[in-house]
Amino acid sequence: RRGGPYANSAVVVTVHSEDFRDTQTPPICGLEFRRHWERIAFILGGENYCAPAQRLVDFLRDRAGGLPILSSFSPGVKSVLLRDALPQFAVEAIKQGFIEFDRKMRGFITEDAILIGVETRTSSPVRIVRGPDCQSISVAGLYPCGEGAGYAGGIISSALDGIRVAEKAAT
């Protein structure tokens with residue numbers, strides 16, 4: 001049901017393996033990176049499954065502030081500085097993204113907007129490596145594609161990747 005009083009949208013930041021590889025142990029470094037930030041968000045949320053949250057204007061100004069009593073997230077939210085729940089490169093990318101949104105759609109940034117986070121998954125943190133022919137480099141005849149294989153971050157990009165891989169496999 002989509003008739004609630006709140007919009008529910010996602011803001012996504014691309015995370016490259018270079019963003020975490022030097023501090024983690026391959027081959028599960030993406031999983032360890034994700035686990036690290038999920039743990040921090042859980043602690044900041046009060047360790048009771050409330051989500052860390054911050055008003056958008058406060059996030060952009062890097063300041064603490066209060067939250068409204070009601071939100072769309074159950075079991076609730078806890079006011080925090082979201083910069084503490086994200087890697088610095090993600091904080092900067094989100095800030096730049098919102099500023100660009102507001103430049104293109106004046107009024108996008110409002111006192112009413114609340115950021116609730118942190119969701120750490122849009123696609124697989126593990127990638128099944130494929131060669132130039134889109135075939136797995138370790139399992140002949142396997143053509144990894146889409147989100148589960150680590151090559152897409154959503155429905156459209158998965159579909160496009162699937163078409164690309166299918167075309168390669170047919171040649």
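1. Start with Ser 158, which you'll find in helix 4 (residues 155–170). This is a predicted model, and in it Ser 158 comes out as buried, at a relative accessible area of 19%. That call rests on the cut-off, because buried means under 20%. Leaving out residues up to four places away in sequence, Ser 158 touches Gly 146, Glu 147 and Ala 152.

2. A word on confidence. The protein chain has a mean pLDDT of 87, with 92% of its residues at 70 or more. Among its elements, helix 2 gets the highest mean, 96, and helix 1 the lowest, 89. Where pLDDT is low, the predicted coordinates should not be read in detail.

3. Helix 1 is worth a look next. Its 16 residues (29–44) should span 22 Å at 1.5 Å a residue, and the end C-alpha atoms sit 23 Å apart, so the two agree. Which of its residues are buried? They are Cys 29, Gly 30, Phe 33, Arg 34, Trp 37 and Ala 41. These cover an arc of only 140° around the axis, so they lie on the same side of helix 1. What they pack against is strand 1 (51–55) and helix 3.

4. Just past that helix, the backbone deserves some attention. Gly 46 follows helix 1 and has a positive phi, near 100°. In the loop between helix 1 and strand 1 you'll also meet Glu 47, whose phi is positive too, near 60°, though Glu 47 is not a glycine. Tyr 49 belongs to that loop as well, and again this is a non-glycine residue with a positive phi, about 75°. Is Tyr 49 buried or exposed? It is exposed, with a relative accessible area of 61%.

5. One more backbone point: the peptide bond between Gly 117 and Val 118 is cis, with omega about 10°. Val 118 sits in the loop between strand 3 (114–116) and helix 4. For context on this point and the previous one, most residues other than glycine have a negative phi, and most peptide bonds are trans.

6. Last, the interior. The largest nonpolar core is made of 11 residues: Leu 56, Phe 59, Val 80, Leu 82, Ala 85, Leu 86, Ala 90, Val 91, Ile 94, Phe 98 and Leu 115. Helix 2 (56–61) and helix 3 (88–104) are the elements that give two or more residues to this core, and helix 3 has the largest share, 4 residues. For a closer view, pick Ile 94: setting aside neighbours within four places in sequence, Ile 94 is in contact with Val 11, Val 13, Phe 59 and Leu 86.

Notes. Residues numbered from 1 in each chain as written. Predicted model: local features only at pLDDT ≥ 70, side-chain atom pairs only at ≥ 80, totals over all residues. Heavy atoms only, no water. Core = buried A, V, L, I, M, F, W, Y, C linked by side-chain atoms within 4.5 Å. Buried < 20%, exposed > 50% of the residue type's maximum accessible area, 1.4 Å probe, protein only. Contact = heavy atoms within 4.5 Å. Expected span 1.5 Å × (residues − 1). Arc of directions from axis to C-beta. pLDDT = per-residue confidence, 0-100.
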